[in-house]
Amino acid sequence: ALFRKLGALREASDAPLAGRMVVAVDLQSHLPRQVWLGEDAAANDKAFLPQVLAWLRGGSLVVFDLGYFAFPFFDDLTERGVSFVTRLRAKTSYQVEARRLSHPQVRDQLVHLGAYRSNPSRHAVRLVEVCIAGQWRQYLTNVLDPQRLSVVDIIELYDERWHIETAFLLIKRLLDLAYLW
């Protein structure tokens with residue numbers, strides 16, 4: 001549909017969807033560092049996790065959205081020495097191991113995910129909860145030391161992740177690419 005709209009396949013009676021793309025974007029430069037393509041346009045983002053894990057190096061920090069929320073992925077990242085920041089999916093069960101900070105607007109605690117599941121996470125993660133404009137936001141990270149990654153750093157890193165979304169919106173709007181997702 002996209003290529004017909006742009007004119008490249010205007011004469012074709014039926015054009016298949018192009019597939020699925022996952023992009024790793026550098027948080028500092030906002031430039032793509034790696035692109036993975038798949039032929040199945042309906043594939044779940046998690047289908048790319050083996051390639052992503054093979055590409056990541058120990059010492060890296062990745063920030064991702066809920067499309068990659070999976071306990072085995074979190075465990076794999078931790079075991080490879082890759083740090084992450086993401087949001088907590090609604091209705092995720094967890095068991096609190098230690099409360100580090102508990103204020104009316106901020107909570108920082110160590111938790112084990114999957115308290116009521118048959119396959120809980122193997123590693124504890126840090127759950128940071130912050131009340132911003134009356135709304136609680138919940139972030140997860142495997143960086144357990146607040147000296148290495150503060151509450152403010154976690155919020156700013158996750159907010160930085162949204163730059164790719166605004167870039168996609170801008171491109172789609174400027175180029176009239178309503179079919180690009």
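Two strands pair if DSSP finds at least two bridges between them. Keep that rule at hand. The model is predicted.

**Exercise 1. The sheet**

State how many strands form the open sheet, and in which order. Then find the strands at its edges.

*Solution.*
Step 1. Trace the pairing. Six strands form an open sheet, and the order is 3-4-8-7-6-5. The pairing is mixed.
Step 2. Look at the two ends of that order. Strand 3 and strand 5 (94-102) each have a single partner strand, so one side of each is left without a neighbour in the sheet. These two are the edge strands.
Step 3. Add the twist. On average, neighbouring strands of this sheet are turned by 25° against each other, direction ignored.
Step 4. Zoom in on one pair. Strand 7 (residues 125-132) pairs with strand 8 over seven bridges, in the antiparallel sense. Opposite I132 stands Q135 in strand 8.

**Exercise 2. Helix 3**

Find which residues of helix 3 are buried, and what they pack against.

*Solution.*
Step 1. Helix 3 covers residues 71-79. Its buried residues are F71, F73, F74, D75 and L77.
Step 2. Recall the geometry. An α-helix has 3.6 residues a turn, so residues three or four places apart point the same way.
Step 3. List the partners. The buried residues of helix 3 pack against helix 2 (49-55), strand 3 (61-63), strand 4 (83-87), strand 6 (106-113) and strand 8 (135-141).
Step 4. Place the helix. Helix 3 lies across strand 3, strand 4, strand 6 and strand 8. Its angle to strand 4 is about 155°.
Step 5. See what follows. After helix 3 comes G81, with a positive phi near 75°.

**Exercise 3. D45**

Decide whether D45 is buried or exposed. Then name its contacts beyond four places in sequence.

*Solution.*
Step 1. Locate D45: the loop between strand 2 and helix 2.
Step 2. Apply the cut-off. Buried means under 20% relative accessible area. D45 has 18%, so D45 counts as buried.
Step 3. Leave aside neighbours within four places in sequence. D45 then contacts R20, V22, G67 and Y68.
Step 4. Take R20. D45 and R20 are 25 residues apart in sequence. Their C-alpha atoms are 8.3 Å apart in space.

**Exercise 4. A surface patch**

Name the residues that form a nonpolar patch with V35, and classify V35 by its accessibility.

*Solution.*
Step 1. M21 and L37 join V35 in the patch on the surface. Together the three have about 310 Å² of accessible area.
Step 2. V35 lies in strand 2 (residues 32-38).
Step 3. V35 has 40% relative accessibility, so V35 counts as partly exposed.

How values were computed
Residues are numbered from 1 along each chain as its sequence is written. This is a predicted model: local features need pLDDT of at least 70, side-chain atom pairs count only at pLDDT 80 or more; totals for chains, interfaces and linings use all residues. Side-chain values use heavy atoms; hydrogens and water are left out. Patches are made of residues with over 30% relative accessible area and no salt bridge: like charges are joined within 9 Å, nonpolar side chains (Val, Leu, Ile, Met, Phe, Trp, Tyr) within 5 Å. Accessible areas come from the Shrake-Rupley method with a 1.4 Å probe; for residues, only the protein chains shown count as cover. A salt bridge is a side-chain nitrogen of Lys or Arg within 4 Å of a carboxyl oxygen of Asp or Glu. Helices (H or I, at least four residues) and strands (E, at least two) are DSSP runs, numbered from the N terminus. Buried means under 20% relative accessible area, exposed over 50%, partly exposed in between (1.4 Å probe, protein chains only). Contact means heavy atoms within 4.5 Å. Axes are lines fitted to C-alpha atoms, for helices over the stretch in contact, and angles run from 0 to 180 degrees between N-to-C directions.
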